[in-house]
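Me: I have a protein model open in front of me and would like to learn how to read it. Could we go through it together, feature by feature?

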Amino acid sequence: MTDTAELVARLADRVQLLEDKLAIMNLISSYGPAVDSGQADKVSGLWTEDGLYDVDTGAMHGRGEIEAMVHSRNHQSYIHGGSGHLLYPPHIKLEGDTAVATCHSQLVLRDTETGVYGVARITANRWELSRIDGEWKVTRRVGRVLNGGDEGRGILSSGV
């Protein structure tokens, strides 16, 4: 039979694991609403100060470049035309104070002439995170469009 202290310790570890996964899920799920509402500071605040956001259209190094992307003419046209960055629930692998989360995302855009929404792209995402001062932050996010090539599939296969 297990003694009470051992049982409590095991339960505490399980609760911590659940809390960490929930915090990471909340962080990732906040990206879409923040980026689609143009809250550049909230978007960049998901990353560490020197974090990397690497997508197939280019890489952004640090919070300043991530904020600049949100303020860019291209991104603002998405927002004002009607956009939705939809992120799927991630598969999360935790190891101490680091984690890797893998998920799909879609960029849905509204055609301003017809009012019809369409999927502009589907992307494979790898989020690398660290717990810093008790808070999870993105250190690196890599996204590659799922266009039949190896890069996007590689992200997905390495994450599960």
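Me: Let me start with a residue that caught my eye: in which strand is the place of W127?

Reply: W127 has its place in strand β6. Before we go on, note that this is a predicted model, in which local features need pLDDT of at least 70 and side-chain atom pairs count only at pLDDT 80 or more, while totals for chains, interfaces and linings use all residues. Residues are numbered from 1 along each chain as its sequence is written, and side-chain values use heavy atoms, with hydrogens and water left out.

Me: How are helices and strands assigned, and how many of them does the protein have?

Reply: They are DSSP runs, numbered from the N terminus: H or I with at least four residues for a helix, E with at least two for a strand. Here there are five helices and seven strands. Starting at the N terminus, their order is α-α-β-β-α-α-β-β-β-β-β-α. The C-alpha atoms fill a box of roughly 70 × 30 × 25 Å, taken along the principal axes.

Me: Back to W127: is it buried or exposed?

Reply: Buried means under 20% relative accessible area, exposed over 50%, and partly exposed in between, with a 1.4 Å probe and protein chains only. W127 counts as buried because its relative accessibility is 0%. For the whole protein, 38% of the 160 residues count as buried.

Me: What does W127 touch?

Reply: A contact means heavy atoms within 4.5 Å. Not counting residues up to four places away in sequence, W127 touches a list that includes L27, I28, Y31, W47, L87 and V138. Across the protein, take the contacts between residues at least 6 apart in sequence: 50% of them join residues at least 24 apart.

Me: Which residues of the largest nonpolar core touch the most other members?

Reply: A nonpolar core is a set of buried Ala, Val, Leu, Ile, Met, Phe, Trp, Tyr and Cys residues joined through side-chain atoms within 4.5 Å. The largest one has 24 residues, and Y31, W47, W127 and L129 touch the most other members. Elements giving two or more residues to this core include α1 (4-36), α3 (62-71) and β6 (117-132). Helix α1 gives the most, with six residues. As for Y31, leaving aside neighbours within four places in sequence, its contacts include V43, W47, M69, H85 and W127.

Me: Can polar residues be buried too? Which side chain does S105 reach with a polar contact?

Reply: A polar contact is a pair of N or O atoms within 3.5 Å; within protein, one must be able to donate a hydrogen and the other to accept it, and residues adjacent in sequence count only if both atoms are side-chain atoms. S105 sits in strand β5 and counts as buried because its relative accessibility is 9%. Its side chain makes a polar contact of 2.9 Å with that of N125. Beyond four places in sequence, S105 also touches residues including L86, Y88 and R141.

Me: And where does S44 lie?

Reply: S44 lies in helix α2. S44 is buried, because its relative accessibility is 2%. A polar contact of 2.9 Å joins the side chains of S44 and E67. Leaving out residues up to four places away in sequence, S44 touches R63, I66 and E67.

Me: How about helix α4: which of its residues are buried?

Reply: In α4 (residues 73-81), the buried residues are H75, I79 and G81. Their cover includes α1, α3, β3 (83-87) and β5. As a general idea, an α-helix has 3.6 residues a turn, so residues three or four places apart point the same way.

Me: What should I look for in the phi angles?

Reply: Most residues other than glycine have a negative phi, and most peptide bonds are trans. In this model, D133 has a positive phi near 50 degrees, in a residue other than glycine. D133 is placed in the loop between β6 and β7, and it counts as exposed because its relative accessible area is 80%. There is also a glycine to look at: G82, just after α4, takes a positive phi of about 110 degrees.
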